[in-house]
Amino acid sequence: MAMETLFAKIDRIAGGKQAGILVPSKGLELPKTKRAFAWITWLLLFELVLGLGAVVYAIIIARAGEPVPFAVWMRTVVVLGMTVTLFYFFWRATKGFYWGYQRLRLFTQIFPVITLVMAAIPGLYPVWMITEQIVFSLVMIGVGDFLTGDHLREVFRRPED
């Protein structure tokens, strides 16, 4: 029960006035919804592995004596933090929270743009990090594609005020 109280407080912060709004559960139980959620789960897990892989690679090359720019360390920490946040939004969406779906949808549309712009800044990141950012963006676009599809938009239709 204490955990649900904690989640309710986090929901209130993250979801604002829409924190308690749930979509009808019948839409969440549809096979098409479950398939979309399964794909999103795998894509977010891939993002997590990709982010952890970037951290591990940065540690390996740093231990080998190669300089790792501060921007790379910040990027790896930010990506892991973003991915954890996306998992939370996704988890709440699977429970029917309208705000979780909306936040996940918004962030999967914004993050790829920011990531690709950052990757395009000359000299900011090494080639391996630029490649990681491009892959990250493509996977995030894939998640966003599921979220903006007709089916999930219908399941998570904007509640009437």
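Which residues in α4 meet which residues in α5? Keep that in mind while we walk through this predicted model; we'll get there in a few stops.

**Stop 1: the whole thing**

Start with a cartoon view and show the full chain. You should find seven helices and zero strands, so expect the element order from the N terminus to read α-α-α-α-α-α-α. For a sense of scale, the C-alpha trace spans about 55 × 35 × 25 Å along its principal axes.

**Stop 2: α4 and α5**

Now select residues 98-119, which is helix α5, and add α4, residues 70-94. Their axes come within 7 Å and cross at roughly 155 degrees. Angles over 145 degrees count as roughly antiparallel, and α4 and α5 are therefore roughly antiparallel to each other. The crossing here is left-handed.

Time to settle the opening question. Show side chains on the α4 side for R75, M82, L86, Y88, F89, F90, R92 and A93. Across from them, on α5, show W99, G100, Y101, R103, L104, F107, F111 and T115. Colour this contact by class and you'll get eleven nonpolar, two polar and three charged residues.

**Stop 3: α4 again, now with α6**

Leave α4 on screen, hide α5, and select residues 127-147 for helix α6. The two axes come within 12 Å and cross at roughly 15 degrees. Under 35 degrees counts as roughly parallel, and that is why α4 and α6 are described as roughly parallel to each other. As α4 passes α6, the crossing is left-handed.

For the side chains, pick V72, R75, T76, V79, M82, T83 and L86 on α4. Their partners on α6 are W128, M129, E132, Q133, F136 and M140. By class, this contact holds eight nonpolar, three polar and two charged residues.

Look back at R75, M82 and L86: they are on the α4 list for α6, and they also appear on the α4 list for α5.

**Stop 4: α6 and α3**

Keep α6, drop α4, and bring in helix α3, residues 31-63. The axes of α3 and α6 come within 9 Å and cross at roughly 165 degrees. That makes this pair roughly antiparallel, and α3 passes α6 in a left-handed crossing. What classes of residue make up the contact of α3 with α6? There are 19 nonpolar, two polar and two charged residues.

**Stop 5: the largest pocket**

Finish by switching on a surface and going to V23, P24, E154, V155 and R157. Out of the 14 residues that line the largest pocket, these are the closest to its centre. The space in this pocket comes to about 260 Å³.

Which elements give two or more residues to the lining? They are α2 (25-28) and α7 (150-155), so select both of those ranges to frame the view. Colour the lining by class to wrap up: eight residues are nonpolar, one is polar and five are charged.

Terms used: Residues are numbered from 1 along each chain as its sequence is written. This is a predicted model: local features need pLDDT of at least 70, side-chain atom pairs count only at pLDDT 80 or more; totals for chains, interfaces and linings use all residues. Side-chain values use heavy atoms; hydrogens and water are left out. On a 1 Å grid over the protein atoms alone, a cavity is a set of points where a 1.4 Å probe fits but cannot get out, and a pocket is an open set with protein on both sides within 12 Å along at least five of seven lines; lining residues have an atom within 4 Å of a point. Grid points are joined across faces, edges and corners, and a volume is the space filled by probe spheres set on the points. Helices (H or I, at least four residues) and strands (E, at least two) are DSSP runs, numbered from the N terminus. Ala, Val, Leu, Ile, Met, Phe, Trp, Tyr, Cys and Pro count as nonpolar, Asp, Glu, Lys and Arg as charged, and the others, Gly among them, as polar. Axes are lines fitted to C-alpha atoms, for helices over the stretch in contact, and angles run from 0 to 180 degrees between N-to-C directions. Angles under 35 degrees count as roughly parallel, over 145 as roughly antiparallel, 65 to 115 as roughly perpendicular and the rest as oblique. A crossing is left-handed if the near helix is turned anticlockwise from the far one by less than a right angle, and right-handed if clockwise. Contact means heavy atoms within 4.5 Å.
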